[in-house]
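Biologist: Please take a close look at one part of this model for me, and then show me how the surroundings are put together. I would enjoy one connected account.

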Amino acid sequence: QVQLVESGGGSVQAGGSLRLSCAASGYTYSRHCMGWFRQAPGKEREGVATISSGGNTNYDDSVKGRFTISRDRNTVYLKMDRLKVDDTAMYYCAADYQCDGLRPADFHYWGQGTQVTVSS
């Protein structure tokens, strides 16, 4: 059974930093594409960043230069710097067999999410 558990969310002022973690278990983590997505109230879920099993990364334009996705043995991370109020959302970790883009519909496995709130 695939299990993804996010942590690291919280409240921070604009300009601050947070690091999200997602612990993965129950499948061959090392062979899967991992991604971070977010959903703000009243908005659709959107892709933030993905990282392939080989370490190739892809970012949404809105976070390029501010967010960094990385992975190690069984955890994927999202380091978020220079946070903006617009980054406020529930952040979700997801996994899929390969990285084809940032579309949430392409990812099969999801965590429960961790809230990030950025205040001005």
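Modeller: Happy to! To say where our part sits, I need one convention: strands here are DSSP runs of E with at least two residues, numbered from the N terminus. Please also keep in mind that this is a predicted model. With that in place, let us pick His32, which is found in the loop between β3 (18–25) and β4 (33–39).

Is His32 buried or exposed? Buried means under 20% relative accessible area, and His32 has a relative accessible area of 6%, so this loop residue counts as buried. What does His32 touch, once residues up to four places away in sequence are set aside? Its partners are Tyr27, Ile51, Ser52, Ser53, Arg71, Asp96 and Tyr97. Some of these can be placed on strands: β5 covers 46–51 and β7 covers 67–71, while β9 is made of residues 89–96.

The two strands on either side of the His32 loop each carry a cysteine that takes part in a disulfide, so let me follow them, because Cys22 lies in strand β3 and Cys33 lies in strand β4. The structure holds two disulfides. In the one between Cys22 and Cys93, the sulfur atoms are 2.1 Å apart. Its torsion about the S-S bond is -75°, a left-handed link. Since Cys22 belongs to β3 and Cys93 to β9, this disulfide ties together parts of the chain that are 71 residues apart in sequence. Both Cys22 and Cys93 are buried.

The other disulfide joins Cys33 to Cys99, with an S to S distance of 1.9 Å. The torsion about its S-S bond is about 95°, so this disulfide is right-handed. Here, too, distant parts of the chain are linked: Cys33 is in β4, Cys99 is in the loop between β9 and β10 (109–110), and they are 66 residues apart. How accessible is Cys33? Its relative accessibility is 2%, so Cys33 counts as buried. Cys99, in contrast, has a relative accessible area of 27% and is therefore partly exposed. Counting the bonded cysteines along the chain, the disulfides follow the pattern 1-3, 2-4.

Strands β3 and β4 also feed the interior. The largest nonpolar core has 27 residues, and those with the most contacts inside it are Met34, Trp36, Val76, Leu78, Met80 and Tyr91. Which strands each supply at least two residues of this core? They are β3, β4, β5, β7, β8 (75–80), β9 and β11 (114–119).

Staying with β4, we come to charged side chains. The structure holds six salt bridges. In one of them the side chains of Arg38 and Asp87 meet, with an N to O distance of 2.9 Å. This pair bridges distant parts of the chain, with Arg38 in strand β4, Asp87 in the loop between β8 and β9, and their positions 49 residues apart. Arg38 has a relative accessible area of 6%, so this charged residue is buried. Asp87, at 2% relative accessibility, likewise counts as buried.

Asp87 also forms a salt bridge with Arg66, where the closest N and O atoms are 2.8 Å apart. Because Asp87 lies in the loop between β8 and β9 and Arg66 in the loop between β6 (57–59) and β7, this pair ties together parts that are 21 residues apart in sequence. Arg66 is buried, as is Asp87. Through salt bridges that share partners, Arg38, Glu46, Arg66 and Asp87 join into one network. Another of the salt bridges pairs Asp61 with Lys64, their closest N and O atoms being 3.1 Å apart. Asp61 has a relative accessible area of 62%, so Asp61 is exposed.

Finally, let us step back to the whole chain. How many helices and strands does the chain have? There are zero helices and 11 strands. The radius of gyration is 13 Å, close to the 14 Å that the globule rule gives for 120 residues, so the chain is as compact as a globular protein of that length. Its C-alpha trace spans about 40 × 25 × 25 Å along the principal axes. Of the 120 residues, 42% are buried. Among contacts with a separation of 6 or more, 59% come from residues 24 or more positions apart. The accessible surface comes to about 6,400 Å², and carbon and sulfur atoms account for 43% of that.

How values were computed
Residues numbered from 1 in each chain as written. Predicted model: local features only at pLDDT ≥ 70, side-chain atom pairs only at ≥ 80, totals over all residues. Heavy atoms only, no water. Helix = DSSP H or I, 4+ residues; strand = E, 2+ residues; numbered from the N terminus. Buried < 20%, exposed > 50% of the residue type's maximum accessible area, 1.4 Å probe, protein only. Contact = heavy atoms within 4.5 Å. Disulfide = S-S within 2.5 Å. Core = buried A, V, L, I, M, F, W, Y, C linked by side-chain atoms within 4.5 Å. Salt bridge = Lys/Arg side-chain N within 4 Å of Asp/Glu carboxyl O. Rg over C-alpha atoms; globule rule 2.2 N^0.38 Å. Areas by Shrake-Rupley, 256 points an atom, 1.4 Å probe, with all protein chains shown as cover.
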